[in-house]
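Open the model in your viewer and keep the sequence panel beside it. Each stop below says what to select and what is there.

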Amino acid sequence: MSYQREFEKKLNIALIGAGSHAYRNLLPALNFLPVKLRAVCDINTELADKTAEQYGAKSYGDTQELFSHEELDAVMICVSPQLHPELTCEALDAGLNVWMEKPPAMRAFEVEEMIRHRKDRVVMVGFKKVFMPATRKVMEILSHEECLPLKSILGEFGLNIPENGEEVLRERQMNGWAGGACHPLSLMLAIGGQVEAVMTHRSKHGGAVCLFTYESGAVGNLHVSDSPMSQPIERFEFFGNGCRVAIDNSKRVTFKKGISFSYGAGTTFAPEGLDSGATVWEPQNCLASLETKMLFTQGFYNELKCFFDCVMSGEQPTEGSLEFALDLMKVYEATLISEDNWVKLT
């Protein structure tokens, strides 16, 4: 890995939307990427001015002025998802490559509109959980022949699914599920593959279970626990052939290989050798190294690196693409309208 100051070739980029998330998570990640921030654009011109000054960039209050005055390779869009489709299509029509924060839109048909405007430009959505080191490790483990096929996925995530799903979709309402569902859904789609059908079953007292059937034949169960975000209880477990892999709170991966077992005759839970039992990976926060920092553990660096690498090579991303975003939005919509009925997607 290189630092920004070490790259010889850099892309000229602009940031559209200079709010708290962009300032806290996206701009710091640029220190490790081959880019030059040329401009910051925000309808809050005072915020745009202060941010641009800090990074030695120019400031703009609207995108039309930005696109007419700056020669850019790409833009990063970090605003309300209700504005993503309009701003993305505008940037694409201006010939720019686009990275946008999740969620990509409020409805699936809006993603289809972005696909129509894309042409040969690179477009990617920031589904950070797809790019977390923990997720990449699970993908690596489950790529081994002896671990296949993937049989099922069990997820636990602290959100609440609104009951008025039809109204939420019709009016393009922003709520916790609209903003946060893409986190568990993107992870479960990235590893499980394309979803065939969805059903949501609600508790009478809050919380729900979303069931998925995958085209691969696997099944998924997402337990929506309606728990406070101040007490994160994210957990995902993946069941393969004779093995299990779990991700706890994004930063702990446990690979359970099982042990030699003889019912009624075994005398130890820790038999000899290193080929059985469990292996654990987690950050060791004892050094001032990069891999323990949130920018890396949460996937921000990896997703942005993937985008800028694709822009430089002229290739579309295989992960985080608009096609992936479209599949995810269809699953999201199905979770809202299911009401104890299977909703077929393919």
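Select Phe296 in this predicted model. Phe296 has a relative accessible area of 10%, under the 20% limit, so it counts as buried. Now add Phe32, which is also buried, with a relative accessible area of 10%. Their rings form an edge-to-face aromatic pair, with 5.3 Å from centre to centre and 65° between the planes. The two residues are 264 apart in the chain: Phe32 sits in the loop between helix 1 and strand 2, and Phe296 in helix 10. Add Tyr3 and Tyr301 to the selection, and you have a cluster that ring pairs link together with Phe32 and Phe296.

How many aromatic pairs are there? The count is six. For another of them, select Phe127 and Phe324. Their ring centres are 5.5 Å apart and their planes stand at 65°, so this pair is edge-to-face. Phe127 belongs to the loop between strand 6 and helix 6, while Phe324 lies in helix 12, 197 residues away. Are these two residues buried or exposed? Both Phe127 and Phe324 are buried.

Stay with Phe324 and extend the selection to the whole of helix 12, residues 322-337. Of its 16 residues, 12 are buried, so the rest of the structure largely encloses this helix. Among the buried ones are Leu326, Met329, Tyr332 and Glu333. Next, check the length of helix 12. At 1.5 Å a residue its expected span is 22 Å, and the C-alpha atoms at its ends are 23 Å apart, which agrees. Helix 12 lies across strand 8, strand 9 and strand 15, at about 35° to strand 8.

Show the strands now. Nine of them make an open sheet with mixed pairing, in the order 14-13-12-11-7-10-9-8-15. The edge strands are strand 14 (277-281) and strand 15 (343-344), each pairing on one side only. Helix 6 (residues 133-142) also packs on this sheet, where it touches strands 11, 12, 13 and 14, and its direction makes about 175° with that of strand 12. Inside the sheet, select strand 9 (residues 208-214) and strand 10 (residues 219-224): they run antiparallel and are joined by six bridges. Cys210 stands opposite Leu222 of strand 10.

Go back to the end of helix 12 and select Glu339, which follows this helix and has a positive phi, near 50°. Glu339 is partly exposed, with a relative accessible area of 41%. The side chain of Glu339 meets that of Arg202 in a salt bridge of 3.6 Å, N to O. Arg202 is in strand 8 and Glu339 in the loop between helix 12 and strand 15, so the bridge ties together parts 137 residues apart in sequence.

The total is 16 salt bridges. Another to select is Arg172 with Glu110, at 2.7 Å from N to O. Arg172 is in the loop between helix 7 and helix 8, and Glu110 in helix 5, so parts 62 residues apart in sequence are tied together. Glu110 is buried at 9% relative accessible area, whereas Arg172 is partly exposed at 25%.

For the last stop, select Arg252 and Glu282, whose closest N and O atoms are 3.0 Å apart in a salt bridge. Arg252 is in strand 13 and Glu282 in the loop between strand 14 and helix 10, 30 residues apart. Then select Arg235, Glu237, Arg244, Asp248 and Lys256, which salt bridges with shared partners join into one network.

Definitions and conventions
Residues numbered from 1 in each chain as written. Predicted model: local features only at pLDDT ≥ 70, side-chain atom pairs only at ≥ 80, totals over all residues. Heavy atoms only, no water. Pairing = 2+ DSSP bridges. Helix = DSSP H or I, 4+ residues; strand = E, 2+ residues; numbered from the N terminus. Contact = heavy atoms within 4.5 Å. Axes fitted to C-alpha atoms, helices over the stretch in contact; angles between N-to-C directions. Expected span 1.5 Å × (residues − 1). Buried < 20%, exposed > 50% of the residue type's maximum accessible area, 1.4 Å probe, protein only. Phe/Tyr/Trp six-rings, centres within 6.5 Å; stacked < 30°, edge-to-face > 60°. Salt bridge = Lys/Arg side-chain N within 4 Å of Asp/Glu carboxyl O.
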